Amino acid sequence: MRRSSLAVISIVLLALMPLAGCGPTPTAAPTPTKAPAPTAAPTEAPTAAPEAAPAEGEPIKIGFFSPTTGFAAADGTSALNAAQLAVKFINEAGGVNGRPLELVYYDDAAKPDQAASIARKLIEQDKVVAGISGSYSGATRAAAPVFQEAGLPMISAYAIHPEITATGDKIFRVGTLATVQGRVGGELVGKVLGAKKVAILTIDNDFGVSLTEGFKSRAEELGVEIVLEEKYPLGETEFRPIIGKIKAAAPDVVYATAYYNEAANLVSQAKDEGLEVQIVGQEGYDSPKFIELAGEAAEGVIITTDLNRDSERPMTKRFLEEYRKEYGEEADMVGASAFDAVQVLAYAMKTAGSTDPEAIAEAIAGLKDFEDCATGPFWYYTEGREVVRPVSSQIVKDGAFHFYHEFTDKDLVTPGVAAAPEAAPAEGEPIKIGFFSPTTGFAAADGTSALNAAQLAVKFINEAGGVNGRPLELVYYDDAAKPDQAASIARKLIEQDKVVAGISGSYSGATRAAAPVFQEAGLPMISAYAIHPEITATGDKIFRVGTLATVQGRVGGELVGKVLGAKKVAILTIDNDFGVSLTEGFKSRAEELGVEIVLEEKYPLGETEFRPIIGKIKAAAPDVVYATAYYNEAANLVSQAKDEGLEVQIVGQEGYDSPKFIELAGEAAEGVIITTDLNRDSERPMTKRFLEEYRKEYGEEADMVGASAFDAVQVLAYAMKTAGSTDPEAIAEAIAGLKDFEDCATGPFWYYTEGREVVRPVSSQIVKDGAFHFYHEFTDKDLVTAK
């Protein structure tokens, strides 16, 4: 039946849902991974861009079906609501290629025969250009062949059975494939929770069986013993007999596939029966209805899901906020996935500039690093039309879902890729990599940090099997940040030590001096954190992992002009390659945003007396001071600014990014914001591992300099593995071809430009309670790409 008066129907459906019952006090759950907390901006947020004119003209019809009646009505209504919200967002922003979207909707009651009939009606009668399933796997599997036969694209929002996308080349999915989500569940149970024994409960349908299949494959790889397996039917209300078996089997964790009704009965009865064991579920639990029905018994339950409610991603936050305003309740994973299906379809039509089915399908297949989604980011699609993206886990805490852990290992979350077993330590003739940094002189703290981190990377790599079965060896010299010394070291590394490539862990002057020596010898060299533009301009063998100075400066302009909303800025520039290049980039973006530069001052490296400049700043009355500096100069500047009563936001860059800055400046560092490549509050596995292991290994906190040197080693190792060789040409080619690289502390690295500059997000951090913390991330590729 065609639905009308949808808002009224949604309200009636929600009113008819059973009232919640309260369970007993839950068992304490494991401590969740801490998610980064948002930091309030010191000044007003920027004014939003002018709104696009509402779309006009003949609408583009998209077919949509979901169950708004029957046992799955809550999920179907959530999916419909969210899809309508996506259409509203898109049409208010100008539609698709100037035309509004129209959602043509039918209720399938989660019945396969009804879904197939609806698919034919949408195609033959309603003349839709594409379809979206907001329904369960059975119904979606029935509709998919109808769309495939008609040659029209269809996207499955949250139905996760493997056979859906196997239907054909027009059928895509935005939800995580069941076997992949199951595998993530195995990783959660075996690695994150460290369980040794697990009991598995499987709802006996496509959804449950596929999830369990993926779970068992990963749990068994990790050596988790399966002490009990039980199946139960859809709609089961009595779990006490199974709970008795679980008690007898004494597992560490129960992995139970379920929808929210069954899950609520399971956890409530488990608490009633005194079963004190961690319960792990999946996206079927991901509804406010689960918590409403289970009450306190839901507390501590952990689920795998595509929706991270504590995410700081703009579209996730906007979706959650607007859904709450529009429908008066919290959104769930089902709704978020339906929202994303509409967003992906709109993206594809915009990209194709057409509603031609072939063009739409081709654009979806080619999607990369898609951010306009609630559950993303979506990194890319596989050849089998499965999306590759992070998978979240959430824990029920204080009556709501909250972030627990994120899984970003692409081997784990990519369909058809099994996580590799741990490798034996590398043996054989070592591969020599040259490394130079200043461990004496004025830059000794930075140089030591870079060396420590590079050695840590080598340790990680060698313990994991080395590179093509051979260990790495770091051949190191101290350049004291002196250009002539760096050039001499480069020649020694090449001619005497016979390294296969080099890494600079030094400043721009020294790196610029060494780069031509490596280029002339035809050997690749990577600059870790030296960010002067001329370094990579040396030639086709010279790369960088740090963000180019002019790009980081441009990001600083965006931070000051847009995020902080400043109208007037004073600029202080340290008079060297580093400072001048940063200021150049900053001014270009600040001027584009209409920020008035009320003062410009240069000062020499090693300056200790900033009071005369502070007096000029006071007289100029800026909203923000943008000051390029290393940590010594920065500490003097902010300390003296505080002493002189200069109450204005100070914005710095990566030169401040050292524990030494906070140590030297003390309380004066509080509130300072910097642009940097290192996000210390990141949940990315390699970032967390790097920060934790560096702290253990060296007894102090890591900094951006160290993280960048670590990443330079990781990129070089990746290139040699990819090339299967230490041939210089092959290494350079592999670095240039790097895509979506995650094995790094400061990434992800999306790709390299033709000029060998890395394109990746840039972070900003704020000093709060004596430490750097996440402030804002810049992911606009136009902004962060070297021009």
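The legends below accompany close-up views of a predicted model of one protein chain.

**Figure 1. Overall view of the protein chain, with its 25 helices and 30 strands.** Measured out along its principal axes, the C-alpha trace extends over about 75 × 60 × 50 Å. A compact globule of 787 residues would be expected to have a radius of gyration near 28 Å, and the value for the protein chain, 28 Å, agrees with this. Buried residues account for 60% of the 787 residues. Of the contacts in the protein chain between residues at least 6 apart in sequence, 71% join residues that are at least 24 apart.

**Figure 2. Helix H19 and the elements against which its buried residues pack.** Helix H19 comprises residues 611–620, and within it Ile-613, Ile-614, Ile-617 and Ala-620 are buried. These four lie on the same side of H19, because they cover an arc of only 120° around the axis. Pro-612 and Ala-619, on the other side of H19, are exposed. The packing partners of the buried residues are strand S21 (568–574), strand S22 (596–603), strand S23 (624–627) and helix H20 (631–643). Just after H19, Ala-621 adopts a positive phi of about 55°.

**Figure 3. Two of the aromatic pairs in the structure, which holds 30 of them.** The rings of Phe-578 and Tyr-630 form a stacked pair, with 4.7 Å from centre to centre and 20° between the planes. Phe-578 belongs to helix H18 (residues 577–592) whereas Tyr-630 lies in the loop between S23 and H20, so this pair ties together parts that are 52 residues apart in sequence. Phe-578 and Tyr-630 are both buried. The pair formed by Phe-690 and Phe-710 is tilted, with 4.8 Å from centre to centre and 45° between the planes. Here the link runs between distant parts of the chain, from Phe-690 in helix H22 (residues 685–698) to Phe-710 in helix H23 (residues 704–723), 20 residues apart. Phe-690 and Phe-710 are likewise both buried.

**Figure 4. An aromatic cluster, and two charged side chains placed over rings.** Phe-71, Tyr-136, Tyr-158, Phe-207 and Tyr-259 are joined into a cluster by ring pairs. In a further view, the charged end of Arg-318 sits over the ring of Phe-89, at 3.6 Å from the ring centre. Lys-781 is placed over the face of Trp-750, where the distance to the ring centre is 4.5 Å.

**Figure 5. Cys-373 and Cys-744 in a structure that holds zero disulfides.** The cysteine sulfur closest to that of Cys-373 belongs to Cys-744 and is 20 Å away, which is too far for a bond, given that a disulfide requires the sulfur atoms to be within 2.5 Å. Cys-373 is buried, with a relative accessible area of 0%. Cys-744 is in no disulfide either, and the sulfur of Cys-373 is the nearest cysteine sulfur to its own. Cys-744 also counts as buried, at 0% relative accessibility.

**Figure 6. Surroundings of Ser-508 in helix H16.** Helix H16 spans residues 508–521 and includes Ser-508. This serine is buried, since its relative accessible area is 7%, where the limit for a buried residue is under 20%. When residues up to four places away in sequence are not counted, Ser-508 touches Ala-530, Ile-531, His-532, Ile-535 and Asp-577.

**Figure 7. Surroundings of Asn-452 in helix H14.** Asn-452 is part of helix H14, which runs over residues 444–463. The relative accessible area of Asn-452 is 12%, and the residue is therefore buried. Leaving aside neighbours within four places in sequence, the contacts of Asn-452 are with Tyr-694 and Tyr-698.

**Figure 8. Surroundings of Ala-178 in helix H5.** Ala-178 is found in helix H5, which covers residues 178–192. With a relative accessibility of 0%, Ala-178 counts as buried. Residues up to four places away in sequence being excluded, Ala-178 touches Ile-160, Ser-210 and Leu-211. Between the C-alpha atoms of Ala-178 and Lys-567, which are 389 residues apart along the chain, the separation is 50 Å.

Definitions and conventions: Residues are numbered from 1 along each chain as its sequence is written. This is a predicted model: local features need pLDDT of at least 70, side-chain atom pairs count only at pLDDT 80 or more; totals for chains, interfaces and linings use all residues. Side-chain values use heavy atoms; hydrogens and water are left out. Buried means under 20% relative accessible area, exposed over 50%, partly exposed in between (1.4 Å probe, protein chains only). Helices (H or I, at least four residues) and strands (E, at least two) are DSSP runs, numbered from the N terminus. The arc is that of the directions from the helix axis to the C-beta atoms. Contact means heavy atoms within 4.5 Å. Rings of Phe, Tyr and Trp (its six-membered ring) pair if their centres lie within 6.5 Å; planes under 30 degrees apart count as stacked, over 60 as edge-to-face and the rest as tilted. A charge sits over a ring if NZ of Lys or CZ of Arg is within 6 Å of the ring centre and within 35 degrees of the ring normal. The radius of gyration is taken over C-alpha atoms; the globule rule is 2.2 Å times the number of residues to the power 0.38.
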